[in-house]
Amino acid sequence: MSEEKSCYGFGVIGCGAVSDTHIQAIKQIEKAALVAVCDVREEAARAKADQYGCAYYTDVAELLARDDIDIVNIVVPSGLHAKIGIQAAEAGKHVITTKPIDITLENIDRLIEACRSNGVKLATTHQLRSYPLYKRIKAAVSEGRLGDLLYGSCFIPWFRSRDYYGGGRWQGTKAMDGGGALMNQGIHFVDLLLWMMGPVKAVAGFADHLYHDIEVEDIGTGVLKFANGAHGIIQGTTCTYVGLPARLELHGTKGNIYATGDDTIQLWQIEGEEEIYGPGFTEAKGGASTPDAGNVGPAVTAHVEQISDVIAAIEEDREPTINGPEARRAVQVILALYESSETGQVIHLD
Ligand SMILES: NC(=O)c1ccc[n+]([C@@H]2O[C@H](COP(=O)([O-])OP(=O)(O)OC[C@H]3O[C@@H](n4cnc5c(N)ncnc54)[C@H](O)[C@@H]3O)[C@@H](O)[C@H]2O)c1
């Protein structure tokens, strides 16, 4: 049943690095109000509450007990997303997780089922889908302007220092990160690639750690066979020399697109369209407008769109655009790559 309120109360669980993006987005949404934050580290929770003017808790159950919270944003270490999401669903709250939705398919399926059976919405933020550049590319693909897609690849070479994985942090651990360069960083572009190219039916790959002393990969490479027959490659690393932007390439019978980073088209070559190429051509120069959401970065603006979509989904009684099954796909492909690396087999997906 649909419900409509003049304002939806939000609780943000996790007060670390990425929580500000969610909180700042909530603050910009007219129908949203930040009610409370929660972190097991009291000083982090209190600091966030002081900064943004809301209540704080160190116990998730206490935050979830509040009647004035409708939606929770889960921004804790990745291996806790489903556990806390299920707790929230059982308390009747709609659930938004940051990426990845969780790190195992079993946990993700339990979370999807918990949200379904408790009648609450489930969404995951994959903010790049809301960036003007990637919307523009998606439109070209959806309109068939690239012809039949034959090939798609992404390369995410986001260097991380040894300190990033050190000092008892959850990053780089099997239990909480679930993977490394692909599960944590690369998933942003793996999700984009699947969004553009469609479902994957087979994966083969390698995942290793060559530089960092971690339990998971700092370099991963996979070959994909898409359901439409197209081929693909995914590459992610946190150890190649710092400074390279991530890139996405799509090639079809009628066009080639090569984009880097948040906003740069390196090559736009489509039959019957003006050709665009060369570094420095940004989406802004390309004529499409960047949504004006005040003085905030593109990640916050993109989160405003994706969190607003969850409110719309509640009111329209529909699934959020990036719902549980949709967010599960990138995790499934990355886990298949790990399995292939361990077994030496090609992994076929259902
Ligand atoms: N979308 C993006 O661009 C983006 C960027 C960075 C991180 N992330 C994701 O956000 C999540 C958090 O990453 P981060 O960089 O903010 O990590 P972080 O370590 O900076 O913050 C995590 C916070 O969660 C708290 N926490 C841990 N267990 C908790 C529990 N049971 N209850 C309440 N709080 C708990 C920790 O004390 C910490 O403050 C990860 O899943 C990560 O993949 C997304």
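## A first look at the ligand shell, the domains and the sheet

Let us begin with the ligand: the shell around it is made up of 12 nonpolar, 7 polar and 3 charged residues. The shell has 22 residues, and those that come nearest to the ligand are Gly14, Gly16, Ala17, Val18 and Ser78. Please keep in mind, while you look around, that this is a predicted model.

Next, the overall layout. The protein is divided into two parts: domain 1 covers 8-127 + 299-323, while domain 2 covers 129-286 + 330-348. Between the C-alpha centres of domain 1 and domain 2 there is a distance of 26 Å. Each side brings residues to the contact, with 16 from domain 1 and 16 from domain 2. On the domain 1 side, α5 (105-117) and α9 (298-316) each provide at least two of the touching residues. The largest share there belongs to α9, with 3 residues. By type, this side of domain 1 holds 8 nonpolar, 6 polar and 2 charged residues.

Now for the sheet. It is an open one of 9 strands with mixed pairing, and its order reads β14-β13-β12-β11-β7-β10-β9-β8-β15. Its edge strands, each pairing on one side only, are β14 (276-277) and β15 (347-348). In general, strands of a sheet pair through backbone hydrogen bonds, in either a parallel or an antiparallel sense. The table gives three of the pairs in this sheet.

| Strand | Partner strand | Sense | Bridges |
|---|---|---|---|
| β8 (residues 200-208) | β9 (residues 219-226) | antiparallel | 8 bridges |
| β7 | β11 (residues 247-252) | antiparallel | 6 bridges |
| β7 | β10 (residues 231-237) | parallel | 6 bridges |

Strand β7 (residues 149-156) is a good place to pause, since 6 of its 8 residues are buried and the strand is mostly covered. Facing β11, Phe155 stands opposite Arg247. Towards β10, Cys154 has Ile234 as its bridge partner. Elsewhere in the sheet, Val203 stands opposite Leu224 of β9.

Some loop residues also deserve a visit. Both Lys99 and Pro100 sit in the loop between β5 (94-98) and α5. The peptide bond that joins Lys99 to Pro100 is cis, and its omega is near -20°. Is Lys99 buried or exposed? Lys99 counts as buried because it has 23 C-beta neighbours inside 10 Å, and 20 or more are needed for that label. Leaving aside residues up to four places away in sequence, Lys99 touches Thr124, Thr125, His126, Ile187 and His188. Lys99 and Thr301 are 202 residues apart in sequence, and their C-alpha atoms are 16 Å apart in space.

Asp317 belongs to another loop, the one between α9 and α10 (324-343). Its phi is near 50°, a positive value in a residue other than glycine. Asp317 counts as exposed, because it has 11 C-beta neighbours inside 10 Å and the label applies at 12 or fewer.

Finally, consider α10 itself. How does the span of α10 agree with its 20 residues? At 1.5 Å a residue, those 20 residues should span 28 Å, and the end C-alpha atoms are indeed 28 Å apart, so the two agree. Just after α10 comes Gly344, where phi is positive at about 75°.

Key: Residues are numbered from 1 along each chain as its sequence is written. This is a predicted model: local features need pLDDT of at least 70, side-chain atom pairs count only at pLDDT 80 or more; totals for chains, interfaces and linings use all residues. Domain bounds come from an automatic or database domain assignment. Two residues are in contact if their C-beta atoms, placed from the backbone, lie within 7 Å. Helices (H or I, at least four residues) and strands (E, at least two) are DSSP runs, numbered from the N terminus. Ala, Val, Leu, Ile, Met, Phe, Trp, Tyr, Cys and Pro count as nonpolar, Asp, Glu, Lys and Arg as charged, and the others, Gly among them, as polar. A residue is near a molecule or strand if its C-beta atom, placed from the backbone, lies within 6 Å of it. The expected span of a helix is 1.5 Å times one less than its number of residues. Two strands pair if DSSP finds at least two bridges between them.
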